[in-house]
Amino acid sequence: MKQMGVEMDWQQKAEALNALGEIQIMCRKAGDWWVRHPGVEIGDGHMLTSGHRDGASPVSAIEAHWNRLTDELKPDEFLVINAMNDSRRQVRWNGYMWKDVPGK
């Protein structure tokens, strides 16, 4: 994803993901990594789902997780942060920051 003409590297993407809630890079076995992102789910107004994606390395797992939560979101999808408490928030990435999405 481009950010104001400059492509974000995996570390910048990890920092942006951490702004939503602390990510944890997990390893099932050699070559099988994934990002655990507690409190961050994908919503469409009716249902919440996980955004987990796998990667062959920690970097590719972060890239895959980032792509699922940004580029791969359908037009009617958004991220739901802390769905079950008073700090619930709905956001989408607008190219340089997380932007709030009106409640659905």
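**Close-up views around Asp54 and the sheet**

Asp54 is partly exposed, with a relative accessible area of 47%. That value, like everything in these legends, comes from a predicted model.

**View 1. Asp54 and its surroundings.** Let us start with the residue just introduced, Asp54, which lies in strand E7. Which residues does Asp54 touch once its neighbours within four places in sequence are left aside? They are Arg28, Asp32, Trp33, Trp34, Ala61 and Ala64. With one of these, Arg28, there is a polar contact from side chain to side chain, at 3.0 Å. For Asp32, it is worth looking at the backbone too: its C-alpha atom is separated from that of Asp54 by 6.7 Å, although the two residues are 22 residues apart along the chain. Asp54 counts as partly exposed because its 47% relative accessible area falls between the 20% and 50% limits.

**View 2. An open sheet of three strands.** Stepping back a little, we find E7 in an open sheet whose three strands run in the order E3-E4-E7, with antiparallel pairing. Strand E3 (24-29) and strand E7 (54-55) are the edge strands, each pairing on one side only. Helix H2, residues 58-69, packs on this sheet and touches E3, E4 and E7. The direction of H2 makes about 45° with that of E4.

**View 3. Where E4 meets E7.** Strand E4 covers residues 32-36, and its antiparallel pairing with E7 extends over two bridges. Here Trp34 stands opposite Asp54 in E7, and Trp34 is also one of the residues in contact with Asp54.

**View 4. The E3-E4 hairpin.** How many bridges link E3 and E4? There are five, again in the antiparallel sense. Across this pairing, Ile25 stands opposite Val35 in E4. The two strands form a hairpin with two residues between them. Do take a look at Gly31 in the turn, where phi is positive, at about 80°.

**View 5. The largest nonpolar core.** Our last stop is a core of 19 residues, the largest nonpolar one. Leu17, Leu20, Trp66, Leu79 and Trp98 have the most contacts inside it. Several elements each supply at least two core residues: helix H1 (10-18), strand E5 (40-43), H2, strand E8 (78-81) and strand E9 (89-93). Which element gives the largest share? That is H2, with four residues. Helix H2 thus appears in two of our views, since it also packs on the sheet of E3, E4 and E7.

Notes: Residues numbered from 1 in each chain as written. Predicted model: local features only at pLDDT ≥ 70, side-chain atom pairs only at ≥ 80, totals over all residues. Heavy atoms only, no water. Pairing = 2+ DSSP bridges. Contact = heavy atoms within 4.5 Å. Axes fitted to C-alpha atoms, helices over the stretch in contact; angles between N-to-C directions. Core = buried A, V, L, I, M, F, W, Y, C linked by side-chain atoms within 4.5 Å. Buried < 20%, exposed > 50% of the residue type's maximum accessible area, 1.4 Å probe, protein only. Polar contact = N/O pair within 3.5 Å; in protein donor to acceptor, adjacent residues only side chain to side chain.
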